[in-house]
Amino acid sequence: KMAAPTLGWRGGRAAGLCSGLRRAPLRLPLRRRAHEQPRRARGAGGLLAAQCERGLFQEVFPAQSAEEQLPGLLEPGRPPLTAYCGFDPSADSLHVGHLLPLMALLHFQRAGHDVIAVVGGATARLGDPSGRERAREPPPAERVRTHAQGLRSGLQRLFQNHQELFWGGEGSGRLGRAVLLDNASWLGRQPLLDFLGGAGGRLRMGTLLSRQSCQARLRSPEGMSLAEFLYPALQAYDFLHLHQHHGCRIQLGGADQMGNIMSGYELVTKMTGTDVFGITVPLITSTTGDKLGKTAGNAVWLNRDKTSPFELYQFFVRQQDNVVKKYLKLFTFLPLEEIDHVMEMHAREPEKWGPQKRLAAEVTKLVHGREGLESAKRCTKALYYSSLEALEAMSDEELQELFRQAPSAELMLEPGMTVLDLCRKANAIPDGPSGYQKITNGGVSINGIRVTNPETVLILGQHILKNGVSSLRIGKKNYYIIKWLQL
């Protein structure tokens, strides 16, 4: 089963963000140099205030120009802005750690602005050094291309699910355009000397060396390669390219991307003179403080072949009471008033797990669509509520997902076949008296119904469902899937 660690905020930085500043005018500190650390956004009109109140936007950079310009630029009725976020194809699937940057893009899109999701098919060849203690092994080019295609497919599915299932109706207004790009299409054609003589000449070594991620790596025994050192410069060039060719003025990213975002800001402003902005979102972490992602080894994937809709649903339905309201604000589009109502109902009937179920349903529907949500609910009913109706309605794919680690067997139904025969043919119990006693002691269930007589003859419709499947459970956690042939 899918482990469901409680989500948290990296270092607790998002706690109390914008507290007491509900839809107040933006009040940010005075302008700093590009290499200095920004302070947290404290509020804004419209989109910024709404997401600040939800806890989604953590920091806005640079401070003074954001205070002076962004509220007006993002006002309803103004020409749409373009915002982008990059996704590293270090695997062929997005994971839960990508959800908050995606939610930020979707909220911009819902406010009528255009968004760009950039897959780093070129920069993935180098690897982002941010938050890493040592360099990753350079991946083969073909693997990066395969991973990039997987990410593009996942992003396309999420944008489509959002448009079809979470947008529309009278008075919805304009939904901004969503564009998917791969930075290999421009970085792959960029001559080295042109890059170094252009963008490379505008980025200062002192600024790059002052980044915390760079300093930590330089002090480590392994050191830092030139390829890794140039990663922020290449990501900064992405911002420049998107600004010049798509009018992009905002870069979104996780809190650990602020150094790279500041490099992009520095490059774009120096080469074009245009004010651009960076916005970060909190990092999702486990209870141990580890960033949830492929590198940490605890990824909850968004591709069905890696993490099923049922597993994703269960991951969110198991979140604890003390955080579920925060996650409803961050991972759903529910109005804050509705979230408050859900929590009020939960205070009266905590045994129903209403907020957790609503959170899980909203996220699963966004990631896997309406059919994926129904699949997750069927699997939940079959496994935890022993629903024969749900088990009979499950497809072969759902059965494999539900019992991903369960052994399966294909058997022929023979006349007079008993429960004991079934268990032994499936290699689910040991031979001899101990296996027989396992059944008589109540340790065997078929399709969620306990069987205590080993000599019970198998009955179609009870022990064998209409879809030709039996779910055999030995003890509390050991499942076996039986597929019956030629019924």
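Here is a short chat about the core and the cavities of this predicted model.

Me: What makes a residue count in this model?
Reply: Since the model is predicted, local features need pLDDT of at least 70 and side-chain atom pairs count only at pLDDT 80 or more, while totals for chains, interfaces and linings use all residues. Numbering runs from 1 along each chain as its sequence is written, and side-chain values use heavy atoms, with hydrogens and water left out.

Me: Why is the set around Phe108, Ile250, Phe316 and Phe331 called a nonpolar core?
Reply: A nonpolar core means buried Ala, Val, Leu, Ile, Met, Phe, Trp, Tyr and Cys residues joined through side-chain atoms within 4.5 Å, and buried means under 20% relative accessible area (1.4 Å probe, protein chains only). The largest such set has 66 residues, and those four have the most contacts inside it.

Me: Where does the largest core lie, and why?
Reply: Domain 1 (45-281) and domain 2 (308-402) both give residues to it, so it lies between them; the bounds come from an automatic or database domain assignment.

Me: What makes Leu47 a contact of Phe108?
Reply: Contact means heavy atoms within 4.5 Å. Leaving aside neighbours within four places in sequence, Phe108 has Leu47, Ile250 and Ile279 among its contacts.

Me: What makes a space here a cavity?
Reply: On a 1 Å grid over the protein atoms alone, it is a set of points where a 1.4 Å probe fits but cannot get out. Two cavities reach 30 Å³ or more, and the largest holds about 130 Å³, a volume being the space filled by probe spheres set on the points.

Conventions
Buried means under 20% relative accessible area, exposed over 50%, partly exposed in between (1.4 Å probe, protein chains only). On a 1 Å grid over the protein atoms alone, a cavity is a set of points where a 1.4 Å probe fits but cannot get out, and a pocket is an open set with protein on both sides within 12 Å along at least five of seven lines; lining residues have an atom within 4 Å of a point.
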